[in-house]
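Biologist: I'd like to learn how to read a new structure feature by feature. Could you walk me through this one?

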Amino acid sequence: MKKKIAWIVGIIVVIVVAVIAYMVVSDSKQEELLKQEIVNLSNKDLAKDDFSIEVKTKGDYAYIEESIKKYYKELSDNVKKSNELMSDEDLINILSPSNLAQEDETMDASYQKVTQAKVQMQQVLQNMMDLCTEEKILSLIDKEKVDSYYYDLYKELMYTEEDLKELEETRKSAENLANTLDDFFDKVLEILDFLQDNYGDWYVEDDQLYLLTDEQVEQYNQLYEELQDLASELETLGTTI
């Protein structure tokens, strides 16, 4: 009887050990899969690549994976939206002679286009700045939903000193871009104001804008030169995002 009991106990121990070993190995595989997914995310191009959310891990790892992937998708969506807005042909050509030739004395169509783009870009860049804050990164994971091990793992993946430094640099770059872009749109509106105030004193011929007086030409050229300076600054700032 003692031998039989010992044999049964031995079998139970083997089963328990096997189950524990399986759980440890499975857990380890889930963690490695999570880390690889985050590496894959970080190597993607925010402006071009697909950030559709497909969760490949399970349990608490899946919660972390989904939270991080949602973050990257939101960031990518805002980057793509900003590129879409700034590549709008109607906006790019707002001061072109061909567009001005179609305007009436109110300049309403051009005013509306510029004002709308300005508001939309302000919102997009503010979203990007918010996503780059330490507060936002910490808010992605609810500490009440996972134990300390998984929360520490999340911080290991998304909250290193290097990560925080890069995020702060990106936030500052986005802020500088937002301020300069605001000045750029204001300058476009200032040029539209000038054209509206002097409506009847300018005309378009052979795809060229002509003004009646030398003083008006000088004023317009000054405004346009200031706009070009802001455009150059924007081009430089855009490469730092």
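**Reading the loops, the core and the spaces**

Modeller: Happy to, and keep in mind that this is a predicted model. Let's begin with a short turn: aspartate 207 sits in the loop between strand E1 (202-205) and strand E2 (208-211).

Biologist: What should I look for in the backbone there?

Modeller: Start with the general idea: most residues other than glycine have a negative phi. Aspartate 207 isn't a glycine, yet has a positive phi of about 60°. Aspartate 206 also takes a positive phi, near 55°, in this hairpin with 2 residues between its strands.

Biologist: How do the two strands run, and how many bridges join them?

Modeller: E1 and E2 are antiparallel, with 4 bridges joining them. Glutamate 205, for one, stands opposite glutamine 208 in E2.

Biologist: And is aspartate 207 buried or exposed?

Modeller: In between: its relative accessible area is 49%, so aspartate 207 counts as partly exposed. Now look at methionine 107, in the loop between helix H4 (97-100) and helix H5 (108-131). Methionine 107 has a positive phi of about 60° too, although it is not a glycine. Its relative accessibility is 0%, so methionine 107 counts as buried.

Biologist: Are there other loop residues worth a look?

Modeller: Try valine 146, in the loop between helix H6 (134-139) and helix H7 (148-158). Valine 146 has 10% relative accessibility, and buried means under 20%, so it counts as buried.

Biologist: Which residues does valine 146 touch, leaving out those up to four places away in sequence?

Modeller: Valine 146 touches Asp60, Tyr63, Ile141 and Tyr151. For a feel of how the chain folds back, take valine 146 and tyrosine 61: they are 85 residues apart in sequence, but 9.5 Å apart in space, C-alpha to C-alpha.

Biologist: Let's go to the core. Which residues of the largest nonpolar core touch the most other members?

Modeller: Those are Val114, Phe184, Phe185, Val188, Leu192 and Leu195, out of 36 residues in that core. Helix H2 (59-86), H5, helix H8 (161-197), E2 and helix H9 (214-238) each supply at least two of its residues. H8 gives the largest share, with 12 residues. Apart from this core lies another, of 26 residues, including Leu75, Leu131, Cys132 and Tyr154.

Biologist: Can we zoom in on one core residue?

Modeller: Sure, take valine 188. Setting aside residues up to four places away in sequence, valine 188 touches Ile94, Leu95, Val114 and Leu227.

Biologist: How do I find empty space in a structure?

Modeller: The general idea is that rolling a probe the size of a water molecule over the atoms shows where empty space is left. Here, a search of the whole structure finds 1 cavity of 30 Å³ or more. The largest cavity holds about 40 Å³ of space.

Biologist: What lines the largest cavity?

Modeller: Its lining is made of Lys118, Met121, Gln122, Leu125, Ala178, Leu181, Asp182 and Phe185. By class, that lining has 5 nonpolar, 1 polar and 2 charged residues. H5 and H8 each supply at least two of the lining residues.

Biologist: And what about an open space, such as the second largest pocket?

Modeller: The second largest pocket has about 180 Å³ of space. Its lining divides into 2 nonpolar, 2 polar and 6 charged residues. Among the lining residues are Glu37, Lys44, Asp50 and Lys69. Helix H1 (residues 2-42) gives the most to that lining, with 3 residues.

How values were computed: Residues are numbered from 1 along each chain as its sequence is written. This is a predicted model: local features need pLDDT of at least 70, side-chain atom pairs count only at pLDDT 80 or more; totals for chains, interfaces and linings use all residues. Side-chain values use heavy atoms; hydrogens and water are left out. Buried means under 20% relative accessible area, exposed over 50%, partly exposed in between (1.4 Å probe, protein chains only). A nonpolar core is a set of buried Ala, Val, Leu, Ile, Met, Phe, Trp, Tyr and Cys residues joined through side-chain atoms within 4.5 Å. Contact means heavy atoms within 4.5 Å. On a 1 Å grid over the protein atoms alone, a cavity is a set of points where a 1.4 Å probe fits but cannot get out, and a pocket is an open set with protein on both sides within 12 Å along at least five of seven lines; lining residues have an atom within 4 Å of a point. Grid points are joined across faces, edges and corners, and a volume is the space filled by probe spheres set on the points. Ala, Val, Leu, Ile, Met, Phe, Trp, Tyr, Cys and Pro count as nonpolar, Asp, Glu, Lys and Arg as charged, and the others, Gly among them, as polar. Two strands pair if DSSP finds at least two bridges between them.
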